[in-house]
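Biologist: I have a fold on my screen and would love a guided tour. Could you take my questions one at a time?

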Amino acid sequence: MKKVQILMSTYNGEKYIKTQIDSILEQDYREIFLAIRDDGSTDHTVEILKQYEEKYKNISVKQEENVGVIKSFFELVQNADENSDYYAFSDQDDKWLKHKISRAVECLEKEDRDIPLLYCSNKILVDKELNPIHSEIDYTKEMFPSFGNALVQNICTGCTCVFNKKLYESIKNNIPNKIIMHDWWLYLVATAFGKVIYDKKSYILYRQHEGNVHGTIIKKRELLYHRWQELWKDRGEIYGQLEEFKRRYLLDIEEKELLEKVLKAKKGIKNKVNLMREKRVKRQFPKEDNMYRIMILLGKL
């Protein structure tokens with residue numbers, strides 16, 4: 001059985017951390033090892049983690065200084081067990097269904113292990129008590145991963161991600177300095193040099209609560225407001241992330257062409273129009289894609 005190392009970053013997670021760790025321990029896939037990095041918690045999170053570490057041989061805990069969620073996950077990658085076959089990210093406040101890891105491994109095992117592979121999936125939205133939430137927005141539609149999509153949108157939520165050793169090695173050897181999110185970086189690398197498997201089904205209860213760093217918008221009115229805000233905020237995060245990607249990776253001709261087309265759109269109306277017409281660079285849903293093309297024109301990527 002292939003070895004899976006789960007990388008979890010925690011920060012002041014005492015309220016929900018036991019549910020998450022218990023759900024990992026209850027997975028029907030047995031070769032699981034949980035590496036936890038606490039990002040400077042000030043509540044009782046570390047005490048809870050130490051109790052688990054003392055009780056279970058497949059759990060290790062490191063208490064570190066606060067560096068923020070992105071750097072915390074990349075530190076986990078840098079210190080992960082290189083002898084593992086697969087790696088997974090975990091948040092501190094969800095609940096995994098018992099088939100989550102076995103399903104991911106099953107999908108990954110069917111693919112070419114000599115290229116970077118990334119598995120990700122849909123999510124079941126729940127409230128803080130794990131009751132299902134009805135969303136006005138349909139997040140169950142089929143997703144079509146591509147490098148053109150990864151340039152301007154992330155569809156791989158970190159807590160659903162499981163990836164192979166090739167992708168792990170590529171990430172570890174190219175830790176970025178400034179990006180939007182760690183899971184988006186994985187999505188970029190995997191689509192540029194390997195393959196992404198998007199599972200339309202879900203094996204995780206994705207908890208929405210007041211302490212979420214990144215939640216999911218469930219009401220159409222909130223989504224409309226979010227889109228409106230995007231048009232008027234000072235932005236540039238996508239451009240910055242892609243410039244970082246360009247510095248760290250040597251791309252093939254087609255991928256390089258698409259990346260350069262996005263970066264050139266920072267300046268000049270002609271470049272903006274060229275990118276707006278580029279059908280390979282797009283977001284997943286029509287309304288999101290329309291908003292993205294308006295953002296290009298306004299220089300808001």
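Modeller: Happily; this is a predicted model, and we can go from the sheet to the cores, the loops and the surface.

Biologist: In what order do the eight strands of the open sheet run?

Modeller: The pairing in this sheet is mixed. Its edge strands are β3 (59-64) and β5 (95-96), each of which pairs on one side only. Reading across the open sheet, the order is β3-β2-β1-β4-β7-β6-β8-β5.

Biologist: Which residue of β8 is the bridge partner of Leu-118?

Modeller: Let's start from the strands: β6 (residues 117-126) and β8 (residues 195-207) pair in the parallel sense over nine bridges. Another bridge partner pair there is Val-126 with Arg-207 of β8. For Leu-118, the partner in β8 is Val-196.

Biologist: And which residue of β7 stands opposite Leu-118?

Modeller: Here the pairing is between β6 and β7 (residues 162-164), in the antiparallel sense and over two bridges. The residue of β7 that stands opposite Leu-118 is Phe-163.

Biologist: Why is β8 described as largely enclosed by the rest of the structure?

Modeller: A residue is called buried when its relative accessible area is under 20%. β6 is mostly covered, with eight of its ten residues buried. β8 is largely enclosed because its buried residues number ten of the 13.

Biologist: What is the bridge partner of Trp-96 in β8?

Modeller: β5 and β8 run antiparallel and are joined by two bridges. On the β8 side, the partner of Trp-96 is Ile-204.

Biologist: Which helix gives the most residues to the largest nonpolar core?

Modeller: That core has 54 residues, and those touching the most other members are Leu-118, Leu-151, Ile-171, Trp-185, Leu-188, Phe-245 and Leu-301. With eight residues, the helix that gives the most to this core is α7 (residues 182-193).

Biologist: How many residues are in the second, separate core?

Modeller: Ile-32, Ile-59, Leu-117 and Tyr-203 are included in this second core. Its total is 33 residues.

Biologist: Beyond its neighbours within four places in sequence, which residues is Phe-245 in contact with?

Modeller: Phe-245 is among the residues that touch the most other members of the largest core. Setting those sequence neighbours aside, its contacts are Phe-147, Trp-185, Leu-188, Val-189, Ala-192, Phe-193, Leu-251 and Leu-259.

Biologist: On to the loops: what is the phi of Asn-12?

Modeller: Most residues other than glycine have a negative phi. Asn-12 sits in the loop between β1 (4-10) and α1 (17-25), and is partly exposed at 30% relative accessible area. Although Asn-12 is not a glycine, its phi is positive, at about 45 degrees.

Biologist: Is Leu-130 buried or partly exposed?

Modeller: Leu-130 lies in the loop between β6 and α5 (147-150), and its phi is positive, near 70 degrees. The cut-off for buried is under 20% relative accessible area. Leu-130 has 22% relative accessibility, so it counts as partly exposed.

Biologist: Finally, the surface: which helix gives the largest share of the nonpolar patch?

Modeller: The patch is formed by Ile-269, Ile-294, Leu-297 and Leu-298, with about 360 Å² of accessible area together. Leu-298 is partly exposed, at 43% relative accessibility, and lies in helix α12. The largest share, three residues, comes from helix α12 (residues 286-298).

Note on methods. Residues are numbered from 1 along each chain as its sequence is written. This is a predicted model: local features need pLDDT of at least 70, side-chain atom pairs count only at pLDDT 80 or more; totals for chains, interfaces and linings use all residues. Side-chain values use heavy atoms; hydrogens and water are left out. Patches are made of residues with over 30% relative accessible area and no salt bridge: like charges are joined within 9 Å, nonpolar side chains (Val, Leu, Ile, Met, Phe, Trp, Tyr) within 5 Å. Accessible areas come from the Shrake-Rupley method with a 1.4 Å probe; for residues, only the protein chains shown count as cover. A salt bridge is a side-chain nitrogen of Lys or Arg within 4 Å of a carboxyl oxygen of Asp or Glu. Helices (H or I, at least four residues) and strands (E, at least two) are DSSP runs, numbered from the N terminus. Buried means under 20% relative accessible area, exposed over 50%, partly exposed in between (1.4 Å probe, protein chains only). A nonpolar core is a set of buried Ala, Val, Leu, Ile, Met, Phe, Trp, Tyr and Cys residues joined through side-chain atoms within 4.5 Å. Contact means heavy atoms within 4.5 Å. Two strands pair if DSSP finds at least two bridges between them.
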